[in-house]
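Please take a moment to look over the sequence and the structure shown here before reading on. The paragraphs that follow lead from one residue to the ligand, then to a pair of helices, and end in a loop.

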Amino acid sequence: MKAWGDLPGERAARERAELEAAIDEAGIDLDPVPYGQHRHGDETHASDHAHPHHQSVAGETPYTGIVGAGAVGTALGAALSRAGWPIHAVASRDASRRERFTSLVEGARAFIEPQALVEEVELIILAVPDDVIAPLAASVRMYGGQAMIHTSGALGAEVLQPAMAAGTQIGSFHPLVAFADTERAIAALHGATVAIEGDDQLASLLSLMAERVGATAVRLAPGSKAAYHAAAVLAAGGFVALLDAIAELGAVAGLDEAGSLQIYGRLIEGTLGNARALGIRAALTGPMTRGDVGTLEAHLAALAAHAPAALELYAAAARREIALAEARGALAPETAAAMTATVVAALARAD
Ligand SMILES: NC(=O)c1ccc[n+]([C@@H]2O[C@H](COP(=O)([O-])OP(=O)(O)OC[C@H]3O[C@@H](n4cnc5c(N)ncnc54)[C@H](OP(=O)(O)O)[C@@H]3O)[C@@H](O)[C@H]2O)c1
């Protein structure tokens, strides 16, 4: 992968591609590598694999392959390919998934074994379940000049270390998209955020890859991946859990789910708007900002009586709200302490 830094030069790339096509057509091999040998940079090494992996030239995207033709592998492969980033290979153990992938991604060669794909490409994307990433990385052997990335949000790039050899790079590329359906996911990649990890050279390549599918890359500091992902899970699944508790309380007041979503949805949108405009701390409203212990007690009693499953969630949020209000200067420390004690007592009664 010699030429990552040159990728933005689309015109130069086109010209080079045209030139290469003409050279190919004339049957000229500018850089022959003897069978059974392996070339990296200017050096040719003896190799124990018969097919030296392809190497891109200045202005080309790297020869890219995807291991895993599941939800992410297939949608990412199709999105990249449609955006002019060719995908040269896919590895999947399942014949129907291989077939679906190659029908969506023009020109991709299909393999069963991940190692066969590693023999062919420069950039290896592992789009396999989180638990499979480390053992899979340990089961393949990379060659100098290659890079391997995974698409997990929960794991850092370091889980790929077992696959590394001299001159290889590892990274990660996590799109903040819910890949439930291929076409919807491809559309959702536009405007999405992709968290990337990798050293400078690989990170700039991954940023370009994100841009190609219409996304924006954010580079994560080493060791911060789990926190970043936990925030994403809180924003998606955690928020749904909150909505579920809101609907449960709405039902006590006679609202069906649609009614709760309509009424409290407006409040949620308003609160989000306030947080965006004023900042999170300033967006906090309600009894916790006023030190209304009586109201807090009434809420906790109503929850214990009618929606006990939602009590813990309310209590956890209340404690965080009390701390925020105190930090904002809205609550005196004694009032904050009294409110926290009220919450703790309600939880103890519920136990
Ligand atoms: N789904 C999402 O919304 C989402 C969003 C962002 C990131 N991610 C991340 O993307 C990665 C892939 O997730 P996914 O949702 O695409 O999973 P998935 O739909 O379950 O697909 C996983 C793929 O990996 C292959 N695979 C499973 N076990 C394997 C093994 N032992 N060896 C080789 N290949 C194996 C599967 O089987 P075959 O070989 O049989 O084809 C399948 O093609 C995960 O790290 C996930 O955290 C997911």
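Leaving aside its neighbours within four places in sequence, which residues is Gln169 in contact with? The model in which this is asked is a predicted one, and in it Gln169 is in contact with Ala147, Gly198, Asp199 and Leu202, once those sequence neighbours are set aside. Gln169 itself lies in strand E8, and because 21 C-beta neighbours fall inside 10 Å, where 20 or more are needed, Gln169 counts as buried. A further distance helps to place Gln169: Ala157 is 12 residues apart from Gln169 in sequence, and the two are 9.8 Å apart in space, C-alpha to C-alpha.

From here the reader can turn to the ligand. There are 24 residues around the ligand, and of these Gly68, Gly70, Val72, Ser92 and Ser152 come nearest. Strand E8, which spans 169-175, is one of the elements that give two or more residues to this shell, alongside helix H2 (71-82) and helix H5 (130-139). In character, the residues of the shell around the ligand divide into 12 nonpolar, eight polar and four charged.

Helix H2 also leads to a neighbouring helix, H3, which covers residues 95-104. The axes of H2 and H3 come within 9 Å and cross at roughly 15°; since angles under 35 degrees count as roughly parallel, the two helices are therefore roughly parallel to each other. Their crossing is right-handed, and the contact is made by Thr74, Gly77 and Ala78 on the side of H2 and by Arg100, Phe101 and Leu104 on the side of H3. Taken together, the residues of this contact divide into three nonpolar, two polar and one charged.

The last stop is a residue outside the helices and strands. Met142 lies in the loop between H5 and strand E7, the latter spanning 147-150. Is Met142, with its 23 C-beta neighbours inside 10 Å, buried or exposed? Because 20 or more such neighbours are enough for the label, Met142 counts as buried. Not counting residues up to four places away in sequence, Met142 touches Val118, Met148, Ala163, Met164, Ala165 and Thr168. With one of these, Val118, the separation can be given in two ways, for Met142 and Val118 are 24 residues apart in sequence and 6.7 Å apart in space, C-alpha to C-alpha.

Notes. Residues numbered from 1 in each chain as written. Predicted model: local features only at pLDDT ≥ 70, side-chain atom pairs only at ≥ 80, totals over all residues. Near = placed C-beta within 6 Å. Helix = DSSP H or I, 4+ residues; strand = E, 2+ residues; numbered from the N terminus. Nonpolar A, V, L, I, M, F, W, Y, C, P; charged D, E, K, R; others polar. Buried ≥ 20, exposed ≤ 12 C-beta atoms within 10 Å, placed from the backbone. Contact = placed C-beta atoms within 7 Å. Axes fitted to C-alpha atoms, helices over the stretch in contact; angles between N-to-C directions. Parallel < 35°, antiparallel > 145°, perpendicular 65-115°, else oblique. Left-handed = near helix turned anticlockwise from the far one by under 90°.
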